[in-house]
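Student: I have a new model open and would like to practise reading its features. Could you take me through them one by one?

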Amino acid sequence: MFIRETPTVNKKTGVSYSKYQLVESYRCEKGPRQRIVMTLTELDLDKSLWPALANAIAQRLSGVTSLFESDPIIARYVDLAITKYAIRSEVAAAKETRATEADLEMVDLSSAKTINSRSIGPELIGNSFYEALSFDKILESAGLSGESLGIAKATIIARLIHPGSDRKTYSYINSNSSLPEICGIDLSKFHKDKVYAIADKLYDAKGVIEPALYRASSDLFRTNTRLFLFDLTNTYFEGSTKGNSLAKHP
């Protein structure tokens, strides 16, 4: 084996650099040939030492430690080259395994359709913070349990992602979001009245929830900042509101 230097130009930047390859000579039916064993990406080594390095790598690949490795500089390059070679070999083997074991089907993308598509990215982020703040324990301490915990979790995360009224929160959970799967909600038994009911429960328990949530967030984010919670919700009506006495001007 020997090391070959090949001048190379980066097509994007136009910068010239050298690529170093460990090359093996062999003979086949068509005569003598050469094949690249590995590429050495870093080789800041005097050229007079290249034969010793090539010999040391070849010996290591065959399972033998070369006498040349007594030189710490050559030993360092050998370790680096063998490590990268092993990683690339594992990646290549994994690709080959996937290719041989893959169960593939031809799909006409122009005819492919999706149904019941739901968002999951924001939900996963919201779920991570929900768990980091131990929200379930806080709600349990406020008296919630069973199905109410799942609906409360879905409602809280949905309001975080898609702020809106109770009706819009229900619509988002029911039609657009993966929160039913994340929170363990049975959609066949889920209706908007449950969102209204859980919103009332959360409001009634705010005296327990808010201090506990503040303590949890203070443990998670170590700061001396004080937290003030304000409810700035305005009252509004949807629809014509005819006959609704609450919609009349005072």
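Student: Let me start with a surface residue. Is L220 buried, partly exposed or exposed?

Tutor: Happy to help, and keep in mind that this is a predicted model. The idea is to compare relative accessibility with two cut-offs: under 20% is buried, over 50% is exposed, and partly exposed lies in between. L220 counts as partly exposed because its relative accessibility is 37%. You will find L220 in helix α9, which covers residues 206-220.

Student: Which residues make a nonpolar surface patch with L220?

Tutor: I125, F129 and F221 join L220 there, and the patch has an area of about 400 Å².

Student: Now a contrasting case. Is S148 buried or exposed?

Tutor: S148 has a relative accessibility of 15%, so this serine counts as buried. S148 sits in helix α5, residues 147-161. To see what packs against a residue, set aside its neighbours within four places in sequence; for S148, the contacts are then I198 and K201.

Student: How should I read the backbone angles?

Tutor: Start from the usual pattern: most residues other than glycine have a negative phi. Then look for exceptions. S134 has a positive phi of about 55° without being a glycine, and its place is the loop between α3 (121-132) and α4 (135-141). T241 also has a positive phi, near 55°, and belongs to the segment after α9.

Student: Why do S134 and T241 count as partly exposed?

Tutor: The same cut-offs apply, 20% and 50%. S134 is partly exposed because its relative accessible area is 34%, and T241 because its value is 27%.

Student: Stepping back, how many helices and strands are there?

Tutor: The protein has 9 helices and 3 strands. Reading from the N terminus, the order is β-β-β-α-α-α-α-α-α-α-α-α. The radius of gyration is 33 Å, well over the 18 Å that the globule rule gives for 250 residues, so the protein is more spread out than a compact globule. The C-alpha trace spans about 100 × 55 × 40 Å along its principal axes. Buried residues make up 27% of the 250.

Student: Which element has the lowest mean pLDDT, and which the highest?

Tutor: A good thing to check, since predicted coordinates should not be read in detail where pLDDT is low. Helix α2 (residues 72-101) has the lowest mean, 80, and α5 the highest, 94. Over the whole protein the mean pLDDT is 85, with 93% of residues at 70 or more.

Conventions. Residues are numbered from 1 along each chain as its sequence is written. This is a predicted model: local features need pLDDT of at least 70, side-chain atom pairs count only at pLDDT 80 or more; totals for chains, interfaces and linings use all residues. Side-chain values use heavy atoms; hydrogens and water are left out. Helices (H or I, at least four residues) and strands (E, at least two) are DSSP runs, numbered from the N terminus. Buried means under 20% relative accessible area, exposed over 50%, partly exposed in between (1.4 Å probe, protein chains only). Contact means heavy atoms within 4.5 Å. Patches are made of residues with over 30% relative accessible area and no salt bridge: like charges are joined within 9 Å, nonpolar side chains (Val, Leu, Ile, Met, Phe, Trp, Tyr) within 5 Å. Accessible areas come from the Shrake-Rupley method with a 1.4 Å probe; for residues, only the protein chains shown count as cover. A salt bridge is a side-chain nitrogen of Lys or Arg within 4 Å of a carboxyl oxygen of Asp or Glu. The radius of gyration is taken over C-alpha atoms; the globule rule is 2.2 Å times the number of residues to the power 0.38. pLDDT is the predictor's confidence in each residue, from 0 to 100.
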